[in-house]
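Open the model in your viewer and keep the selection tool at hand. The stops below go from one side chain to its surroundings and then to the charged pairs.

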Amino acid sequence: MAKKILLFTILILTLSGSVFAQRKRPWRAPFYDAEPYHFGFAFSLGKMDFAISHSDTFNALDTVYSVEYSGGALFGASMIANLKLADNWDLRVLPGLMFSQRSLNYLLCDDKIQDERLLRKHSMKIETTLLQSPIIVKYRAVRESNYRPYIFAGVNPAIDLAARKKPKEEEKPKIRLKKLDVYAEIGIGLDNYLHWFKYSTEIKFSYGLLNIVKYDNTEYTDAFSRLGSKMVTLVLCFE
């Protein structure tokens, strides 16, 4: 899915770029970027994954034979507050909510027969509800007609409202995650100017900087030296 999002965004930017080579059209909202601040909203769709690093004692564990992850769809909505810093520079804050569900797929060894392991699969569904507030610095290229490409980078402190909930009896065994994470974010996008507002299409890559596993003295958490998060997101902004 991440590859499809990337290809889709590249296609949009390529098609939009072809407009630049054509004759210049009358500018829509010509004084839009002269205003010191803007507000708006954004919708996001993408994929959320884990980033796993096994512990040094992983190969010595008795029960946990292997751990793999599978990502889940990500969707959300945010508010936008944009402050103009200079002609090509903006400071943006985008508080909002993101929702996803990922899986940790364990291969467990419960017993042995004549030194052969009897293995079984166990999947943990990990729900995520992020209350986030990305703080982004945006650099915009020179406007061409009614289009303006840009790049951006920033940090995103986030609280997982679904983390550390006590698992239901039928879900056990199930690990728990820490609530707080901080993401480093980078991306590219394209502003499109209309008569009364502007919309933007962007692709964003996010990588969690913190170890979010909550160790519980079981092999299910001892298997990790680090368990982080990562996201790739297609964002549609209206300002």
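Which side chain does a polar contact of 2.7 Å join to that of Arg92? Select Arg92 and Asn82 in this predicted model: the 2.7 Å polar contact runs between the side chains of these two residues.

**Stop 1: around Arg92**

Stay on Arg92, which is part of strand 4, residues 89-93. Add Glu239 to the selection; its side chain makes a polar contact of 3.0 Å with the side chain of Arg92. Arg92 has a relative accessible area of 4%, so it counts as buried. To see what surrounds Arg92, leave out residues up to four places away in sequence and show those it touches, among them Ile80, Pro134, Ile136, Lys138 and Cys237.

**Stop 2: Lys138**

From the neighbours of Arg92, pick Lys138. Select Asp191 with it: Lys138 and Asp191 form a salt bridge, with 3.3 Å between the closest N and O atoms. Lys138 is in strand 7 and Asp191 in strand 10 (residues 180-193), so this pair ties together parts of the chain 53 residues apart in sequence. Both Lys138 and Asp191 are buried.

**Stop 3: Arg140**

Now select Arg140 and Asp33, which form a salt bridge with the closest N and O atoms 2.8 Å apart. Arg140 sits in strand 7 (residues 135-140), while Asp33 is in the loop between helix 1 (2-20) and strand 1 (37-54); the two are 107 residues apart. Is Arg140 buried or exposed? Its relative accessibility is 2%, so Arg140 counts as buried. Asp33, at 11%, also counts as buried, because the cut-off is under 20%.

Next add Asp90, whose side chain meets that of Arg140 in a salt bridge of 3.5 Å, N to O. Asp90 belongs to strand 4 and Arg140 to strand 7, so the pair joins parts 50 residues apart in sequence. Asp90 is buried, as is Arg140.

Which residues make up the network of salt bridges that includes Arg140? Select Asp33, Asp90, Arg140 and Arg148 together to see the linked set.

**Last stop: the whole chain**

Zoom out and colour by secondary structure: the chain has 2 helices and 13 strands. The count of salt bridges is 8. Of the 239 residues, 42% count as buried. Among contacts with a separation of 6 or more, 72% are between residues 24 or more positions apart. Switch on the surface to finish: the accessible area is about 13200 Å², and carbon and sulfur atoms account for 62% of it.

Technical notes. Residues are numbered from 1 along each chain as its sequence is written. This is a predicted model: local features need pLDDT of at least 70, side-chain atom pairs count only at pLDDT 80 or more; totals for chains, interfaces and linings use all residues. Side-chain values use heavy atoms; hydrogens and water are left out. Helices (H or I, at least four residues) and strands (E, at least two) are DSSP runs, numbered from the N terminus. Buried means under 20% relative accessible area, exposed over 50%, partly exposed in between (1.4 Å probe, protein chains only). A polar contact is a pair of N or O atoms within 3.5 Å; within protein, one must be able to donate a hydrogen and the other to accept it, and residues adjacent in sequence count only if both atoms are side-chain atoms. Contact means heavy atoms within 4.5 Å. Accessible areas come from the Shrake-Rupley method with a 1.4 Å probe; for residues, only the protein chains shown count as cover. A salt bridge is a side-chain nitrogen of Lys or Arg within 4 Å of a carboxyl oxygen of Asp or Glu.
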